[in-house]
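Here is a short report for a reader new to this structure. It takes the strands, a surface patch, one helix and some charged pairs in turn.

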Amino acid sequence: MEIRKTIGIILSARPSGEADVFCSVLTREYGKAKFIFKGLRKSRKRSHTAAEPGSVSSLQYYYNEEKESSIVSDFTIERYYPEIRQDLARIYHLYLMLETVDRTTGLNEPSVQIFDYLSSAMDRLSSTDHPAHLTAAFLLHFLKLGGLLEVTGACSNCGSRNYSRFSLDERDLRPVCSGCGGAGRLMPRETMDFIGEALNRKFSSIDNDRYAKESILDLVYSLILFVENYYHIRVKSKEFILGEG
């Protein structure tokens, strides 16, 4: 057994026993790991927010490679994001990002890029007026980091780029124009422009007002359907944002 220190983003949390909290945490150095905050639910001295999804905490813990979870011996809350937690829409988008990472990331598989990008997305979510656009940009980059996204802009059936509406094939995320019978959620051609901007520009430099929120939510939903199909999972938090459009 050894004592380790790391910084981690709480991806999910659930009660364990009468007083403990069991968490899935994305750490920067070691990847996703499981932690137990002993006695936290009944503690009056330690902040319960350390184990809330979306919190960023510095953790000291006892590590044993033969055990699936580690016991946290000490922690310091680095960021809590009250601006997000005071806004229901931002909370929904935060949970969608966290659940997507949690459900698609294996244990003990370090990825500094994913950690840094999720951390950056949460920072931006606390201040942006366009949470849906941010979530779409996050998912696009997340899929690109995983080598699962290759956007050409051309219809996968006829090869045309001159179309007014399209959908994304949930099997490979390739666009299918409405003229070729594109199924699923049809989006305006401008949404393809957003995809290009999101992948090639900083989020702060995108004119998000140019892209209708309803169309961006359709994009988010299409991307999540692909994630569910590819990983054979169900992302429950996607249901929270369906009523935004």
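## Strands E4 and E5

This is a predicted model. Start with serine 57: its bridge partner in E5 is isoleucine 77. Serine 58 stands opposite threonine 76 in E5. These pairs belong to a ladder between E4 and strand E5 (residues 69-79). The two strands pair in the antiparallel sense, over 7 bridges. They form a hairpin, with 5 residues between them.

E4 covers residues 56-63 and also pairs with strand E1 (residues 2-16). That pairing is antiparallel too and counts 8 bridges. Within this pairing, isoleucine 9 faces valine 56 of E4.

## Strands E1, E2 and E3

E1 also joins E2, again running antiparallel, through 8 bridges. Glycine 8 has threonine 27 in E2 as its bridge partner. E1 and E2 make a hairpin with 3 residues between the strands. In that hairpin, glycine 17 takes a positive phi near 70 degrees.

Next comes strand E3 (residues 31-37), which pairs with E2 in the antiparallel sense over 7 bridges. Cysteine 23 has phenylalanine 35 in E3 as its bridge partner. A hairpin through 3 residues joins E2 to E3. E3 also meets E5, but here the strands run parallel, with 3 bridges. Lysine 34 has serine 69 in E5 as its bridge partner.

## A covered strand

How many residues of strand E2 (residues 20-27) are buried? The count is 8 of 8, and the strand is mostly covered. Both of its faces are covered. On one side sit Asp20, Phe22, Ser24 and Leu26. On the other sit Val21, Cys23, Val25 and Thr27.

## A nonpolar patch on the surface

Met1, Ile3, Tyr62 and Ile71 form a nonpolar patch on the surface. Together they have about 440 Å² of accessible area. Is isoleucine 3 buried or exposed? Its relative accessibility is 54%, so isoleucine 3 counts as exposed, because the cut-off for exposed is over 50%. Isoleucine 3 is found in strand E1.

## Helix H5

Helix H5 has 12 residues, 189-200. Does its length come out as expected, or what do its ends show? At 1.5 Å a residue the helix should span 16 Å. Its end C-alpha atoms are 18 Å apart, which agrees.

Many side chains of the helix are covered. Its buried residues are Arg189, Thr191, Met192, Phe194, Ile195, Glu197, Ala198 and Leu199. They pack against two helices, H4 (131-145) and H6 (213-231). They also pack against strands E6 (165-168), E7 (175-177) and E8 (187-188).

## Charged pairs around H5

Side chains of opposite charge can pair when their charged atoms come close. A search of the whole structure finds 15 salt bridges. One of them joins arginine 189 and aspartate 193, with the closest N and O atoms 3.5 Å apart. Both residues lie in helix H5, 4 residues apart, about one turn of the helix.

Aspartate 193 has a second partner, arginine 210, at 3.2 Å from N to O. Arginine 210 lies in the loop between H5 and H6, while aspartate 193 lies in helix H5, so the pair ties together parts 17 residues apart in sequence. Aspartate 193 is partly exposed, with a relative accessible area of 30%. Arginine 210 counts as partly exposed as well, at 47% relative accessibility. Which residues are linked in a network of salt bridges here? They are Arg189, Asp193, Glu197, Arg201 and Arg210.

## A salt bridge across the chain

Another salt bridge joins the side chains of arginine 85 and glutamate 52, at 3.6 Å from N to O. This pair links distant parts of the chain, 33 residues apart. Arginine 85 is in helix H1 (residues 82-85), and glutamate 52 is in the loop between E3 and E4. Glutamate 52 is partly exposed, with a relative accessible area of 27%.

How values were computed: Residues are numbered from 1 along each chain as its sequence is written. This is a predicted model: local features need pLDDT of at least 70, side-chain atom pairs count only at pLDDT 80 or more; totals for chains, interfaces and linings use all residues. Side-chain values use heavy atoms; hydrogens and water are left out. The expected span of a helix is 1.5 Å times one less than its number of residues. Buried means under 20% relative accessible area, exposed over 50%, partly exposed in between (1.4 Å probe, protein chains only). Contact means heavy atoms within 4.5 Å. Two strands pair if DSSP finds at least two bridges between them. Patches are made of residues with over 30% relative accessible area and no salt bridge: like charges are joined within 9 Å, nonpolar side chains (Val, Leu, Ile, Met, Phe, Trp, Tyr) within 5 Å. Accessible areas come from the Shrake-Rupley method with a 1.4 Å probe; for residues, only the protein chains shown count as cover. A salt bridge is a side-chain nitrogen of Lys or Arg within 4 Å of a carboxyl oxygen of Asp or Glu.
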